Amino acid sequence: MTGIHQLLMTTFAGSASAGIFEYLIVASGGGGGAHGGSGGGAGGYRSSVIGETSGGPTTVESPLTIETGKRYVITVGAGGTGSTPGEGSGSVGPNASIINTAAGGSQSITSTGGGQGRGGPPSGSNPQTGGTGGSGGGASAYGIAGTGATGGSRVTDPIQGNTGGNSHDPDGEGPGGPGVSRYVAGGGGGAGETGPFLPGYNEAASSGGDGLSSSISPGPAVTRAGGGGGSGQQGAGNGAAGAGGGGAVGGAGTDNTGGGGGGVHAGPNTAGLNGGSGVVIVRSTVQASSASVSAGVNSGYYHYIFNSSGGIEWS
């Protein structure tokens, strides 16, 4: 037996200098757009838990060797704000991170905030591409009849999520009859999938992409980093919220999941919805000497759940 699994078995009773820690870092979700608004993208999802994956999903990252005497600064932000009333966009979600370089350490892991959902542009203009983020925001709906736009891109260094959903105007098809323009916005991307159009997508807006599940903390596995749902109009249905804290149309992302905010179509005087705040969870084989949150203990691991910014250190 070699590698990480050997290290896990030999450090439960060892010193912190020989210990490791696994992490789950979920950034805040992007805010949703209004008036033909799209869903915000989920916050970037990075995991080094053995047997689990980071967003994309991509290959698992490696646990980190504890650097003793080097305090790790934990940053967790509020969710991205939804658009102001009108045809504006939401804001990108803040990043989340674990960094000990200010104390002379060498480790820095950051998850990127979710891309913003977009609001419909003035009639006669092209709809807007979704915002870039850990997962991309959805594309806005309202614009030139018969047009759509692409969902926002995901960051790729490293990949932490998925792209946002596209928007579409199924002019002359589906509910409303021939010649009726129905604008459907894109849902935000989630850690587990892009903002999907289901079969017959011209009938409804794009749903938020689903997030990923993790068992890093005690108790049942928890799904986080779902995308916000995109809005529809003129007889077209709304997209659903992505599993893992994504906001439904007209609903905010769930705090401490990094879920994207839902889009809104209810006219130009309605604001978009906020994304959910992020979370950082650390699971270590040895107890920290100092932490701004209390430790939970389960199956030989110490668990530290940061729902807001703080710090941790091993001596």
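**Figure 1. Pro57 and its cis peptide bond.** In this predicted model, Pro57 sits in the loop that runs between β2 and β3. The bond that joins Gly56 to Pro57 is a cis peptide bond, and its omega is about -15 degrees. That makes a nice first stop, given that most peptide bonds are trans.

**Figure 2. Pro158, another cis peptide bond to look for.** Here we move to the loop between β6 and β7, where Pro158 lies. Follow the chain from Asp157 to Pro158 and you cross a cis peptide bond with omega near 0 degrees.

**Figure 3. His35 and Asn256, two residues with a positive phi.** Most residues other than glycine have a negative phi. His35 isn't a glycine, yet its phi is positive, at about 55 degrees. You'll find His35 in the loop between β1 and β2. Its relative accessibility is 11%, and the cut-off for buried is under 20%, so His35 counts as buried. Asn256 is also a residue other than glycine with a positive phi, in this case near 65 degrees. Look for Asn256 in the loop between β8 (residues 222–224) and β9. Is Asn256 buried or partly exposed? Its relative accessibility is 23%, so Asn256 counts as partly exposed.

**Figure 4. Strand β1, covered on both faces.** Strand β1 spans residues 20–26, and 7 of its 7 residues are buried. On one side of the strand you have Ile20, Glu22, Leu24 and Val26, and on the other Phe21, Tyr23 and Ile25; all of them are buried.

**Figure 5. The strands that pair with β1.** Which strands does β1 bridge to, and how many bridges are there? Strand β9 (residues 279–284) is joined to β1 by 6 bridges, and the two run antiparallel. In that pairing, Ile25 of β1 stands opposite Val280 of β9. Strand β2 (residues 45–47) is joined to β1 by 3 bridges, again antiparallel. There, Leu24 has Ser47 as its bridge partner. Then there's β3 (residues 64–65), which runs antiparallel to β1 and is joined to it by 2 bridges. Ile20 has its bridge partner in β3 too, namely Thr65.

**Figure 6. The largest nonpolar core.** This view takes in the largest nonpolar core, which has 20 residues. Those with the most contacts inside it are Phe21, Ile98, Val280, Val282, Phe306, Ile312 and Trp314. Five elements are worth tracing here, since each gives two or more residues to this core: β1, β4 (72–75), β5 (96–99), β9 and β12 (301–306). The largest share, 3 residues, comes from β1. Another core lies apart from this one; it has 11 residues, among them Ala191, Leu212, Ile216 and Ile281.

**Figure 7. Ile98 and its contacts.** Now zoom in on Ile98, one of the residues with the most contacts inside the largest core. What does Ile98 touch, leaving aside its neighbours within four places in sequence? Its contacts include Phe21, Tyr23 and Ile25, which share one side of β1. Tyr72, Val73 and Ile74 are in contact with Ile98 as well, and so are Gln107, Ser108 and Ile109. Val280 and Val282 round off the list.

**Figure 8. Gln116 among many glycines.** Gln116 has its place in the loop between β6 (108–111) and β7 (212–214). With a relative accessible area of 14%, Gln116 is buried. Setting aside residues up to four places away in sequence, Gln116 touches several glycines, including Gly31, Gly40, Gly90, Gly130, Gly131, Gly137 and Gly138. Ser89, Ser91, Val92 and Thr132 are also among its contacts.

**Figure 9. Ser135, with no relative accessibility.** Ser135 lies in the loop between β6 and β7. Why does Ser135 count as buried? Its relative accessibility is 0%, and buried means under 20%. Not counting residues up to four places away in sequence, Ser135 touches Gly41, Ala42, Gly114, Gly115, Gly161, Asn162, Gly189, Gly190 and Ala191. Ala191 is one of the residues in the core of 11.

**Figure 10. Ala149 and His168, apart in sequence.** The loop between β6 and β7 is also the place of Ala149. Ala149 is buried, with a relative accessible area of 10%. From C-alpha to C-alpha, Ala149 and His168 are 7.0 Å apart in space, while 19 residues separate them in sequence. Ala149 touches Asn166 and Ser167, and its other contacts include Pro127, Gln128, Thr129 and Ala139, again not counting residues up to four places away in sequence.

Terms used:
Residues numbered from 1 in each chain as written. Predicted model: local features only at pLDDT ≥ 70, side-chain atom pairs only at ≥ 80, totals over all residues. Heavy atoms only, no water. Buried < 20%, exposed > 50% of the residue type's maximum accessible area, 1.4 Å probe, protein only. Helix = DSSP H or I, 4+ residues; strand = E, 2+ residues; numbered from the N terminus. Pairing = 2+ DSSP bridges. Contact = heavy atoms within 4.5 Å. Core = buried A, V, L, I, M, F, W, Y, C linked by side-chain atoms within 4.5 Å.
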